[in-house]
Amino acid sequence: QVQLVESGGGLVQAGGSLRLSCVASGSLLSINTMGWYRQTPGKQRELVATETSGGRTNYADSVKDRFTISRDNAKNTVYLQIDSLKPEDAAVYYCLYSTYRDFWGQGTQVTVSS
């Protein structure tokens, strides 16, 4: 099993910045993908960004110019730097750890005030 603990969500004004963190623990494997998805009420969970343990990144088109994903493999941590926040970025952000199966965090709320 893998446990994921997210932090860093909150209320931010439009145009502002936020940094999300997610720490993984448990039965971790050296080859994995970590990343972030987000979900709003009534909608499916959608990809935000992922990064493999080898450093390959993947971004949703809607965020690639404003969000930056990074990892600290020594700390089993993935980060999401969010800049130039828009009201449509408001969502619950979920951390993903993917190996032989997907593990999800409990989610952290990001609220954007206009």
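**Notes on the salt bridges, sheet, disulfide and core**

1. Glu46 comes out partly exposed, with a relative accessible area of 37%. For the cut-offs, buried is under 20% relative accessible area, exposed is over 50%, and partly exposed is in between, using a 1.4 Å probe and protein chains only. Before going further, note that this is a predicted model, where local features need pLDDT of at least 70 and side-chain atom pairs count only at pLDDT 80 or more, while totals for chains, interfaces and linings use all residues. Residues are numbered from 1 along each chain as its sequence is written, and side-chain values use heavy atoms, with hydrogens and water left out.

2. Who does Glu46 talk to? Its partner is Arg38, in a salt bridge with the closest N and O atoms 2.7 Å apart. The rule here is a side-chain nitrogen of Lys or Arg within 4 Å of a carboxyl oxygen of Asp or Glu. Side chains of opposite charge can pair when their charged atoms come close. Unlike the partly exposed Glu46, Arg38 is buried, at a relative accessible area of 6%.

3. Arg38 also has a salt bridge to Asp89, with 3.1 Å between the closest N and O atoms. Asp89 sits in the loop between S8 and S9 and Arg38 in strand S4 (residues 33-39), so this pair ties together parts 51 residues apart in sequence. Strands, by the way, are DSSP runs of E with at least two residues, numbered from the N terminus. Asp89 is buried too, with a relative accessible area of 0%.

4. Asp89 meets Arg66 as well, in a salt bridge of 2.6 Å, N to O. Arg66 lies in the loop between strand S6 (57-59) and S7, and Asp89 in the loop between S8 and S9, so parts 23 residues apart in sequence are tied together. Both of these residues, Arg66 and Asp89, are buried. Put together, Arg38, Glu46, Arg66 and Asp89 are linked in a salt-bridge network. Across the whole structure, the search turns up four salt bridges.

5. Now the sheet. Four strands make an open, antiparallel sheet in the order S1-S3-S8-S7, where pairing requires that DSSP finds at least two bridges between two strands. Strand S1 (2-7) and strand S7 (67-72) are at the edges with a single partner strand each, so one side of each has no neighbour in the sheet. On average, neighbouring strands are turned by 15° against each other, direction ignored; the axes behind that angle are lines fitted to C-alpha atoms, and angles run from 0 to 180 degrees between N-to-C directions.

6. Inside that sheet, strand S3 (residues 18-26) and strand S8 (residues 77-82) run antiparallel and are joined by six bridges. Leu20 has Leu80 in S8 as its bridge partner. S8 also pairs with S7, again antiparallel and over six bridges, and there Asp72 is matched with Thr77 of S8. Four residues separate S7 and S8 in their hairpin, where Asn76 takes a positive phi near 50°.

7. Look at the two faces of S7. Phe67, Ile69 and Arg71 make the covered one, and Thr68, Ser70 and Asp72 the uncovered one. Arg71 turns up again as a contact (heavy atoms within 4.5 Å) of Thr52, along with Asn32 and Thr33, leaving aside neighbours within four places in sequence. Thr52 is in strand S5 and counts as partly exposed, at 25% relative accessibility.

8. If you run non-reducing gels, the cysteines will interest you. There is one disulfide by the rule used, namely a pair of cysteine sulfur atoms within 2.5 Å. Cys22 and Cys95 form it, with their sulfurs 2.0 Å apart. The S-S torsion is about -85°, so the disulfide is left-handed. The two ends come from distant parts of the chain: Cys22 in strand S3 and Cys95 in strand S9 (residues 91-98), 73 residues apart. Cys22 is buried at 0% relative accessibility, and Cys95 is likewise buried at 0%.

9. Finally, the core. A nonpolar core means a set of buried Ala, Val, Leu, Ile, Met, Phe, Trp, Tyr and Cys residues joined through side-chain atoms within 4.5 Å. The largest has 27 residues, and Leu4, Leu20, Trp36, Val48, Leu80, Ile82 and Tyr93 touch the most other members. At least two residues each come from S1, S3, S4, strand S5 (46-52), S7, S8, S9 and strand S11 (108-113). Not counting residues up to four places away in sequence, Tyr93 touches, among others, Leu20, Trp36, Val48, Leu80 and Ile82, and also Arg38 from the salt-bridge story.
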